[in-house]
Amino acid sequence: MALLVPAWAQSVEPVACTVRVLNVHSAQGDSGGVRPDTSQWQRVTLPDNWSARWPGYSGTAWYRVDWQRDCAHAETTDVALTLESVVMAGEVYVNDSLIWRDAQLTEPLSRSWNMPRYWHLPEAILKEGVNTLWVRVVGVAGQSPGLGPVHLGEAQA
């Protein structure tokens, strides 16, 4: 007589990729939107109010966030990006792909700093290894210019 024991089906959740921020830098830029020379970058932490570093400075600053997606032993998942604030106006690139730009990057600035931004990053603009988030911020001294918290990670999170 054979003994039949029911087998329980187990649902295995795929292991998600993790995103690791490697470093964050900032540098003053020109009004034309050209990224600064590599010698000008300074390490910063986010959120960043550049008034402490550059008192009285009104103009353009670039932020460079180098990050890497680790999908070892995991199924590749969508990566999402959230910027809590860009004070006062700005534009955002992932690697060299523009994903967003304020309507006015010269006076009168758009002044949309209280609007969080959220994107699912298309796989086509991501690279193996290190990716770079570039954020150009145009700000006015006395208005807490800079970049707020940045979140990169699994879209579901």
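Me: Let's start with E7 and E8. How many residues sit between them in the hairpin, and what's up with Asn-95 in the turn?
Reply: This is a predicted model, to be clear up front. In it, E7 and E8 make a hairpin with 2 residues between them, and Asn-95 in the turn has a positive phi of about 55 degrees.

Me: How many bridges join those two strands, and which way do they run?
Reply: There are 4 bridges between E7 and E8, and the strands run antiparallel. Tyr-93, for instance, stands opposite Leu-98 in E8.

Me: Back to Asn-95 for a sec. Buried or exposed?
Reply: Asn-95 is buried, with a relative accessible area of 10%. Its place is in the loop between E7 and E8.

Me: What sign does phi usually have, glycine aside?
Reply: Most residues other than glycine have a negative phi. Asn-95 has a positive one despite not being glycine. Ser-144 is another non-glycine residue with a positive phi, about 55 degrees.

Me: Where is Ser-144, then?
Reply: Ser-144 is in the loop between E10 and E11. At 44% relative accessibility, Ser-144 counts as partly exposed, whereas Asn-95 is buried.

Me: New topic: cis peptide bonds. Which residues does the one at Met-88 join?
Reply: That cis bond joins Val-87 and Met-88, with omega about 25 degrees. Met-88 belongs to the loop between E6 and E7. There's also a cis bond from Glu-107 to Pro-108, where omega is near 0 degrees. Pro-108 is in the loop between strand E8 (97–101) and E9. As a general point, most peptide bonds are trans.

Me: OK, what about the core? Which residues touch the most other members of the largest nonpolar one?
Reply: Those are Leu-81, Leu-83, Leu-121 and Leu-133, out of 26 residues in that core. Six strands each supply at least two of its residues: E4 (59–70), E5 (79–83), E7 (89–94), E9 (117–121), E10 (130–139) and E12 (150–154). The largest share, 4 residues, comes from E4.

Me: Let's zoom in on Leu-83. What does it touch?
Reply: Leaving out residues up to four places away in sequence, Leu-83 touches Val-92, Pro-116, Arg-117, Trp-119, Leu-133, Val-135, Pro-149 and Val-150. Apart from the largest core lies another one, of 6 residues, among them Ala-89, Leu-105, Leu-109 and Val-138.

Me: Switching again: is Arg-136 buried or exposed?
Reply: Arg-136 counts as buried because its relative accessibility is 6%, under the 20% cut-off. Arg-136 is found in strand E10.

Me: What lies 3.0 Å from a polar atom of its side chain?
Reply: The backbone oxygen of Ser-31 lies 3.0 Å from a polar atom of the Arg-136 side chain. Beyond four places away in sequence, Arg-136 has contacts that include Asp-30, Gly-32, Gly-33, Trp-62, Glu-91 and Leu-105.

Me: Last one. In what order do the 3 strands of the open sheet come?
Reply: The order is E3-E11-E6, with antiparallel pairing. E3 (48–49) and E6 (86–87) stand at the edges with a single partner strand each, so one side of each has no neighbour in the sheet.

Me: And how many bridges join E3 to E11?
Reply: 2 bridges join E3 to E11, which covers residues 146–147. Asn-49 stands opposite Gly-146 in E11.

Note on methods
Residues numbered from 1 in each chain as written. Predicted model: local features only at pLDDT ≥ 70, side-chain atom pairs only at ≥ 80, totals over all residues. Heavy atoms only, no water. Core = buried A, V, L, I, M, F, W, Y, C linked by side-chain atoms within 4.5 Å. Buried < 20%, exposed > 50% of the residue type's maximum accessible area, 1.4 Å probe, protein only. Contact = heavy atoms within 4.5 Å. Polar contact = N/O pair within 3.5 Å; in protein donor to acceptor, adjacent residues only side chain to side chain. Pairing = 2+ DSSP bridges.
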